[in-house]
Amino acid sequence: MRLLPLLATLIALATPVMAEIHEVLMLNRNDTGGMVYQPDFLRIAPGDTVKFIATHPSHNAASIAGMLPEGAARFLGKINEEIAVTLTAQGTYGVKCSPHYTMGMVMLIEVGDGNPDPATFPADMPPAARQRFSDILARISE
């Protein structure tokens, strides 16, 4: 009968820690402007999931080429559909709405304890996206 408590302890230790699910709304407008993700910055733990919710038509969530940690997988959601991505590689992920990227519909996700680095922004980034990223970085560094 001593085996039963030992078995229960081993099962409890073997159960994985529950990762969090973070929800991001894809919006036409909020108090920060038009064509936005809400929130536009997340700091999450490796293994957490980000669920992009299609609250308005014509939006998606897609990783930005050149704005992914080494070894991270790219993702591309379909227009008007929710997508959930589990992020495991630590570092900064740039996210865009493909149809509204030139209008600055972007967000940052920091996986782990690092800090987003503006030097990693692609040189060919549209000006409105660069400005939105600059605004996000200024806000989170306060």
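Four strands form an open sheet in the order 2-1-4-6, with mixed pairing, where strands are DSSP runs of E of at least two residues, numbered from the N terminus, and two strands pair if DSSP finds at least two bridges between them. The model is predicted, so that local features need pLDDT of at least 70 and side-chain atom pairs count only at pLDDT 80 or more, whereas totals for chains, interfaces and linings use all residues. Residues are numbered from 1 along each chain as its sequence is written, and side-chain values use heavy atoms, with hydrogens and water left out.

**Sheet**

- Strand 2 and strand 6 stand at the edges with a single partner strand each, so one side of each lacks a neighbour in the sheet.
- Strand 1 and strand 4 pair in the parallel sense over six bridges, and Val-24 has Phe-52 in strand 4 as its bridge partner.

**Nonpolar cores**

- The largest nonpolar core (buried Ala, Val, Leu, Ile, Met, Phe, Trp, Tyr and Cys residues joined through side-chain atoms within 4.5 Å; buried means under 20% relative accessible area with a 1.4 Å probe, protein chains only) has 22 residues, and among those touching the most other members are Tyr-37, Phe-52 and Val-95.
- Strand 1 (21-30), strand 4 (49-54) and strand 8 (106-111) are among the strands that each supply at least two residues of this core, and the largest share, three residues, comes from strand 8.
- A second, separate core of twelve residues includes Ile-64, Val-106, Phe-121 and Ile-136.

**Surroundings of Val-95**

- Leaving aside neighbours within four places in sequence, Val-95 is in contact (heavy atoms within 4.5 Å) with residues including Tyr-37, Phe-52, Ile-64, Val-106 and Phe-133.

Methods. Buried means under 20% relative accessible area, exposed over 50%, partly exposed in between (1.4 Å probe, protein chains only).
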